[in-house]
Amino acid sequence: MNTLASDTFLIFGRYARQTLSSRFQMLFGVLMPLLYLLFFGPLLTGLPLSRDADSWQVLVPGLLLQLGLFGAAFCGFAVILEKNSGIVERMRVTPVSRLALLLGRVLRDTLLFLAQAVLLVLAAFAMGLRAPLAGILIGFGFTALLTVSLASLSYALAAKVTKPQEFGPVVNAVTMPSMLLSGLMLPMALAPGWLNALSHVMPVRYLVDAVRDAYVGHYATAHMLYGTVAALAFAALSVTVGTRAFCRSGS
């Protein structure tokens, strides 16, 4: 266990240094949610989107999870590039744990997207968001769990393919329906009954509902319970899949 922890932090340090040396990578990932915040948020002001929440308390939780959804889902591109440049092959001959090669990357991605989430929330406060501190922290927690889940699955997919042309279409085919059916932009309660019912097959739907409850200070709700269970179960399943893919491929 100590070896796994030390190996994980060794890999984390390697990729964290790469990220810190690239301000473009750190800031560009938060650009799309910021654009939604700036250009889409004002359109919702005053609309009756929820009985208990204002428009910012509805939109910002969705943008937080959108950040984790789209950002983490494309993390695997880096592994494909490393495989094609021979970096992965050189890592295989080291004594570093194969599991640490996954966990170190995922830890880096999680901290990166949490930093971007903080920037997003600060911008939202400047535009009119008001939410309890506990709710904001809970939102960061769900964002972290979603990032762990999707980054693990992304790396698992990247371990199986060899070309970016194979990776991109698969990720797009998963992320776009997830965004549309999870109510990231608007609550699915506003959707027709059949669409609202269909959205319940998406794990992200439960996370979105939970974070929106947290942003209005409602912590002991069914949405919070379902969201927590869904987030933890999805993370456990995803890390298991990612671990098996990495260990089998030697990535």
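**Entry 1: Val 216**

I began with Val 216, which sits in the loop between α12 and α13. I note here that the model is predicted. I then asked myself: is Val 216 buried, partly exposed or exposed? Its relative accessibility is 22%, and buried would require under 20%, so I entered Val 216 as partly exposed.

Next I looked up how Val 216 sits relative to Gln 57. Along the chain the two residues are 159 residues apart. In space, I found 7.0 Å between their C-alpha atoms.

**Entry 2: the second largest pocket**

I moved on to the second largest pocket, which holds about 480 Å³ of space. Its lining is made up of 21 residues, and I listed those closest to the centre: Ser 50, Ala 189, Asp 209, Asp 213 and His 223.

Which helix gives the largest share of this lining? I found that α12 does, with 5 residues. Helices α12 (203-215) and α13 (222-249) each contribute at least two residues to the lining. I also sorted the lining residues by kind and wrote down 9 nonpolar, 6 polar and 6 charged.

**Entry 3: Phe 39 and its patch**

Last, I checked Phe 39, which belongs to helix α3, residues 31-39. Its relative accessible area is 59%, and the cut-off for exposed is over 50%, so I recorded Phe 39 as exposed.

I then looked up which residues join Phe 39 in a nonpolar patch on the surface, and found Leu 31, Leu 35 and Leu 38. Together with Phe 39, these leucines have about 380 Å² of accessible area.

Key:
Residues are numbered from 1 along each chain as its sequence is written. This is a predicted model: local features need pLDDT of at least 70, side-chain atom pairs count only at pLDDT 80 or more; totals for chains, interfaces and linings use all residues. Side-chain values use heavy atoms; hydrogens and water are left out. Patches are made of residues with over 30% relative accessible area and no salt bridge: like charges are joined within 9 Å, nonpolar side chains (Val, Leu, Ile, Met, Phe, Trp, Tyr) within 5 Å. Accessible areas come from the Shrake-Rupley method with a 1.4 Å probe; for residues, only the protein chains shown count as cover. A salt bridge is a side-chain nitrogen of Lys or Arg within 4 Å of a carboxyl oxygen of Asp or Glu. Helices (H or I, at least four residues) and strands (E, at least two) are DSSP runs, numbered from the N terminus. Buried means under 20% relative accessible area, exposed over 50%, partly exposed in between (1.4 Å probe, protein chains only). On a 1 Å grid over the protein atoms alone, a cavity is a set of points where a 1.4 Å probe fits but cannot get out, and a pocket is an open set with protein on both sides within 12 Å along at least five of seven lines; lining residues have an atom within 4 Å of a point. Grid points are joined across faces, edges and corners, and a volume is the space filled by probe spheres set on the points. Ala, Val, Leu, Ile, Met, Phe, Trp, Tyr, Cys and Pro count as nonpolar, Asp, Glu, Lys and Arg as charged, and the others, Gly among them, as polar.
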